[in-house]
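This report goes through one protein chain from its overall make-up down to single side chains. Please keep the sequence and the structure in view while reading.

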Amino acid sequence: MISGIVMIFIALWFYQSAVKAKVSNVLMWVAIGAVGFFVLNMVLVNLNIYILESFRASEGGANYESLQGADRKNEGDFLGFIGVLKSLYLEMSPSIVGFLALAVVRLKLITKENFSVTNLFSGLKEMFQNIKKSFKTPQ
């Protein structure tokens with residue numbers, strides 16, 4: 001769900017940046033941003049699952065395949081503070097990495113600006129201000 005919201009924000013950010021940079025095929029860039037984020041997110045989630053399963057499978061034996069039908073993913077590893085951190089990492093890292101990768105794509109291919117942190121995230125404040133304005137009713 002978090003990734004879906006981030007994907008919508010990326011599509012809006014690409015749209016706003018493409019219109020501001022006056023590039024042709026604005027909707028193509030919106031689609032590239034949304035589909036690129038989706039594919040990158042899917043690959044990174046599957047990579048996280050593969051890494052998690054490889055660690056859990058190395059434990060082996062009856063402890064990995066629970067005999068009483070309990071969910072093996074929630075036993076032991078994700079309890080306590082360290083477990084919460086692991087869960088947050090596995091949930092948030094694909095969205096963060098995908099966002100950063102597409103910010104670089106936007107910077108180099110749409111806006112064609114020099115690489116800097118301020119240029120990398122430029123336009124986000126304006127996007128959120130426009131979203132906030134869209135909820136206000138005209139008087």
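The text below covers the fold, the aromatic pairs, the buried polar residues, a surface patch and two backbone angles.

**Overall make-up**

The model is predicted. The chain contains six helices and zero strands, and its elements follow the order α-α-α-α-α-α from the N terminus on. Of its 139 residues, 27% count as buried. Among the contacts with a separation of 6 or more, 59% are between residues 24 or more positions apart. The chain exposes about 9600 Å², and carbon and sulfur atoms supply 69% of that area.

**Aromatic pairs**

A pair of aromatic rings is described by the distance of the centres and the angle of the planes. The count for this chain comes to three aromatic pairs. In one of them, Trp13 and Phe99 have ring centres 5.3 Å apart and planes at 15 degrees, so the pair is stacked. Trp13 belongs to helix 1 (residues 2-21) and Phe99 to helix 4 (residues 80-111), so this pair ties together parts that are 86 residues apart in sequence. Trp13 is buried, because its relative accessible area is 1%, and the cut-off for buried is under 20%.

Phe99 also forms a stacked aromatic pair with Phe121, at 6.0 Å centre to centre and 10 degrees between the planes. This pair links distant parts of the chain as well: Phe99 is in helix 4, Phe121 is in the loop between helix 5 (117-120) and helix 6 (124-134), and the two residues are 22 residues apart. Is Phe121 buried or exposed, or partly exposed? With a relative accessibility of 30%, Phe121 counts as partly exposed. Trp13, Phe99 and Phe121 together form one aromatic cluster.

**Buried polar residues**

Three polar residues can be treated together: Ser3, Asn41 and Asn48. Ser3 is in helix 1, while Asn41 is in helix 2, and so is Asn48. Their accessibility values are listed here.

| Residue | Relative accessibility | Class |
|---|---|---|
| Ser3 | 15% | buried |
| Asn41 | 10% | buried |
| Asn48 | 9% | buried |

Each of these residues counts as buried because buried means under 20% relative accessible area.

Which residue does the side chain of Asn41 join through a polar contact of 2.8 Å? The partner is the side chain of Ser3. Leaving out residues up to four places away in sequence, Asn41 touches Ser3, Pro94 and Ser95. Under the same exclusion, Ser3 touches Phe37, Asn41 and Ser95. Ser95 therefore appears in the contact lists of both Asn41 and Ser3. Asn41 and Gly98 lie 57 residues apart in sequence, with a C-alpha to C-alpha distance of 6.1 Å.

Asn48 has a polar contact of its own: 3.2 Å separates the paired side-chain atoms of Asn48 and Ser93. Beyond residues up to four places away in sequence, Asn48 touches Tyr89, Leu90, Ser93 and Pro94. Pro94 is thus a contact of Asn48 and also of Asn41.

**A nonpolar surface patch**

Val35, Phe38, Val39, Met42 and Val43 make a nonpolar surface patch of about 450 Å². Val43, one of these residues, lies in helix 2 (residues 26-59). Val43 is partly exposed, with a relative accessible area of 48%. This value satisfies the patch rule, because patch residues must have over 30% relative accessible area.

**Two positive phi angles**

Most residues other than glycine have a negative phi. Lys22 is not a glycine, yet has a positive phi of about 55 degrees. Asn25 likewise has a positive phi, near 60 degrees, and is a residue other than glycine. Where are the two residues placed in the chain? Lys22 is found in the loop between helix 1 and helix 2, and Asn25 is in that loop too. Lys22 is exposed, with a relative accessible area of 74%, whereas Asn25 is partly exposed at 49%. The two residues fall into separate classes because exposed means over 50% relative accessible area.

Methods
Residues are numbered from 1 along each chain as its sequence is written. This is a predicted model: local features need pLDDT of at least 70, side-chain atom pairs count only at pLDDT 80 or more; totals for chains, interfaces and linings use all residues. Side-chain values use heavy atoms; hydrogens and water are left out. Patches are made of residues with over 30% relative accessible area and no salt bridge: like charges are joined within 9 Å, nonpolar side chains (Val, Leu, Ile, Met, Phe, Trp, Tyr) within 5 Å. Accessible areas come from the Shrake-Rupley method with a 1.4 Å probe; for residues, only the protein chains shown count as cover. A salt bridge is a side-chain nitrogen of Lys or Arg within 4 Å of a carboxyl oxygen of Asp or Glu. Helices (H or I, at least four residues) and strands (E, at least two) are DSSP runs, numbered from the N terminus. Buried means under 20% relative accessible area, exposed over 50%, partly exposed in between (1.4 Å probe, protein chains only). A polar contact is a pair of N or O atoms within 3.5 Å; within protein, one must be able to donate a hydrogen and the other to accept it, and residues adjacent in sequence count only if both atoms are side-chain atoms. Contact means heavy atoms within 4.5 Å. Rings of Phe, Tyr and Trp (its six-membered ring) pair if their centres lie within 6.5 Å; planes under 30 degrees apart count as stacked, over 60 as edge-to-face and the rest as tilted.
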